[in-house]
Amino acid sequence: MTLNDRFHRLFPKVVPVGEPCLVHIVPLYGHVLPPEGAVPSAEVVGRDTRVRRPADVAIAAPGLAVGFTPDCEQEMARIVTWRRGAETVRRDEFHVYAVQRDLLPLRPWKGDVHMHSSASDGREAPAYVAA
């Protein structure tokens with residue numbers, strides 16, 4: 001979880017692949033409100049593909065709406081840059097997950113389910129080691 005996840009409400013966090021999506025980013029506290037007089041721009045970066053693409057961004061009070069169409073299953077970062085003229089005032093990063101439509105109702109989660117333990121020499125059953 002990033003600091004931006006703690007200070008903003010982001011929805012939806014899981015979106016379908018190949019369909020236009022609109023992700024809303026709403027600040028939860030005053031210290032993360034948009035910088036006064038700054039204009040937002042956004043891009044989407046695929047975690048697996050590292051492809052960077054511009055995204056549509058609109059101020060949708062009390063936050064932002066970022067539009068994009070994910071092209072494959074992966075974690076995707078929404079990078080919002082706030083500029084006042086040529087000066088970059090702030091840069092925020094938010095993460096969304098793109099999955100195929102059949103996985104969407106399952107509300108997939110991200111995590112590492114492959115684990116190793118130093119408590120076994122490899123001869124014991126996993127249930128015994130985990131106990």
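## Strand E6 and its cover

A residue is called buried when its relative accessible area is under 20%, exposed when that area is over 50%, and partly exposed in between. By that definition, strand E6, which spans residues 63–68 of this predicted model, is mostly covered, since six of its six residues are buried.

Strand E6 has pairing partners that include strand E3 and strand E5. With strand E3 (residues 21–27), strand E6 pairs in the antiparallel sense over five bridges, and in this pairing Cys 21 has Phe 68 of E6 as its bridge partner. Strand E5 also runs antiparallel to E6, and five bridges join these two strands; Ile 59 stands opposite Leu 64 in E6. The connection between E5 and E6 is a hairpin, which passes from one strand to the other through two residues. In a regular strand, side chains alternate between the two faces of the sheet.

## Salt bridges

Side chains of opposite charge can pair when their charged atoms come close. The structure holds five salt bridges, and among them are the pairs described here and under the next heading.

In one of these pairs, the side chains of Arg 52 and Glu 43 meet with a distance of 2.9 Å from N to O. Arg 52 has a relative accessibility of 48% and therefore counts as partly exposed, and Glu 43, at 23%, likewise counts as partly exposed.

Another salt bridge is formed by Asp 92 and Arg 90, whose closest N and O atoms are 3.1 Å apart. Here the two partners fall into separate classes: Asp 92 is buried, because its relative accessible area of 7% lies under the 20% limit, whereas Arg 90, with a relative accessible area of 22%, is partly exposed.

## Glu 75 and its two side-chain partners

Where in the structure is Glu 75 found? Glu 75 belongs to strand E7, and at 10% relative accessibility it counts as buried. The side chain of Glu 75 meets that of Arg 47 in a salt bridge, with 2.5 Å from N to O. Because Glu 75 lies in strand E7 (residues 74–84) and Arg 47 in the loop between strand E4 (39–46) and strand E5 (52–60), the pair ties together parts that are 28 residues apart in sequence. Arg 47 itself is partly exposed, with a relative accessible area of 42%, so this salt bridge joins a buried residue to a partly exposed one. The two side chains are also listed as making a polar contact, again at 2.5 Å.

A further polar contact, of 2.8 Å, links the side chain of Glu 75 with the side chain of His 95. Glu 75 thus has side-chain polar contacts with Arg 47 and with His 95.

## His 95 in strand E8

His 95 lies in strand E8, which covers residues 87–99. Is His 95 buried or exposed? With a relative accessible area of 19%, His 95 is buried, because the limit for that class is under 20%.

The side chain of His 95 takes part in polar contacts with two glutamates: one of 2.8 Å joins it to the side chain of Glu 75, and one of 3.0 Å joins it to the side chain of Glu 93. Following these contacts from residue to residue, one passes from Arg 47 to Glu 75, from Glu 75 to His 95, and from His 95 to Glu 93.

Methods:
Residues are numbered from 1 along each chain as its sequence is written. This is a predicted model: local features need pLDDT of at least 70, side-chain atom pairs count only at pLDDT 80 or more; totals for chains, interfaces and linings use all residues. Side-chain values use heavy atoms; hydrogens and water are left out. A salt bridge is a side-chain nitrogen of Lys or Arg within 4 Å of a carboxyl oxygen of Asp or Glu. Buried means under 20% relative accessible area, exposed over 50%, partly exposed in between (1.4 Å probe, protein chains only). Helices (H or I, at least four residues) and strands (E, at least two) are DSSP runs, numbered from the N terminus. Two strands pair if DSSP finds at least two bridges between them. A polar contact is a pair of N or O atoms within 3.5 Å; within protein, one must be able to donate a hydrogen and the other to accept it, and residues adjacent in sequence count only if both atoms are side-chain atoms.
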